[in-house]
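Subject: Structure for you to look through

Hello,

Here is the structure that I promised to hand over, with the sequence beside it. Please have it open while you read the notes that follow.

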Amino acid sequence: MFLVLKDVAVSRHLVGAAASLTYAGADQDGEPVDPGTVTVAITDFAGNAVTAGAVTGSGNTRAVAVTAANNQVLDRWTAVWSVAGATVATTQHDIVGGFYATVADMRANTVLLSPTAHPAAELLKVRSEVEYQIEEMCRRSFVPRFASQVVSGSGRVIQELAFPDLREVLSAEYWTGSAWEAMPVTVADIPANVDGRASLRLASWPAGVWPLGTNNVRVSYSYGWDRPPADLKRAAVKAIEYRRTGDNSGIPSRSLSVQGTELGNVVLATPGLGKWITAIPEVDIVINSYKRKSLGVSR
């Protein structure tokens, strides 16, 4: 079984570009409140400090800027926000190698053209939701992404990973019983082999095999395609448009079928039922065509 980093990040930021991380103050009921003077400490996945500017903002919103020079590696950052020395929130932020569509892509040939009705900030939020949904269903990413996972050492030369399309191994460690110790590895399969697995081959290690054990190997790596193919990009934009506008057909979303005197029995696509993901047939047929055929199991 794989223990994989879950997609719980509150935002995505392009690697190599300046990034702005935000925090919204809230009271005991989760309602907006001015948090006062806020400080923040940001670390990368390895626990190293990420250099950032001073916290700014007003009302209940605070932001901190990270320059492009300090954002050069695919990663997941953890930001710990504090008031008067006490932690008030911890947020996570993914550093990614690309996005499925720009705001201009989302507005072109859709009903999302109006910046008043569909502000860019709202489109970007929905874009993240759709990207996560596609990646969850396909079990792969169509832009470069970071992952870290704990696996059970195979006891073989090859160690399989949860995600395919392996790009680079950032670190690999094994549990000694009291601490994590670094170990050298090289990328073995680029792209992943035909059954959808990504594998690592040891460069040099005693006995030439991965240490056999249970949840005793931790690997951080980048994976994913360079960019989404054109049909998947169009499907993502269509899904974003649907999420923003909803279904105005008047048919309840819970319906599995509709029977009318004029139309007869009408069967509807339902999200999460069978092959349907978004319940938009032209979108789901594209997403399904890019699904991994095997999840791969470490052994």
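**Helix α3**

Helix α3 (residues 230-245) has 16 residues, and because the rise is 1.5 Å a residue it should span 22 Å, which agrees with the 23 Å between its end C-alpha atoms. The expected span here is 1.5 Å times one less than the number of residues, and helices (H or I, at least four residues) and strands (E, at least two) are DSSP runs, numbered from the N terminus.

Before going further, please keep in mind that this is a predicted model, in which local features need pLDDT of at least 70 and side-chain atom pairs count only at pLDDT 80 or more, while totals for chains, interfaces and linings use all residues. Residues are numbered from 1 along each chain as its sequence is written, and side-chain values use heavy atoms, with hydrogens and water left out.

Which residues of α3 are buried? They are L232, A235, A236, V237, A239, I240 and E241, where buried means under 20% relative accessible area, exposed over 50% and partly exposed in between (1.4 Å probe, protein chains only). The cover over these buried residues includes α1 (103-107), α2 (120-138) and α4 (281-289). After α3 comes G246, which has a positive phi near 75°.

**Strands**

Four strands form an open sheet in the order β2-β7-β6-β4, and the pairing in this sheet is mixed; two strands count as paired if DSSP finds at least two bridges between them. Its edge strands are β2 (11-14) and β4, each of which pairs on one side only. Strand β4 runs antiparallel to strand β6 (residues 75-83), with five bridges joining the two, and V40 has W81 in β6 as its bridge partner.

Strand β9 (residues 158-161) is covered on both faces, since I158 and E160 on one side and Q159 and L161 on the other are all buried. Four bridges pair β9 with strand β13 (residues 198-202) in the antiparallel sense, and there L200 is the bridge partner of Q159.

**Confidence**

The chain has a mean pLDDT (the predictor's confidence in each residue, from 0 to 100) of 85, with 80% of its residues at 70 or more. Among its elements, strand β4 (residues 39-43) has the highest mean, 98, and strand β1 (residues 3-4) the lowest, 44. The pLDDT is below 50 over residues 1-5, although this stretch has 22 contacts (heavy atoms within 4.5 Å) beyond near neighbours in sequence in the model.

Best wishes
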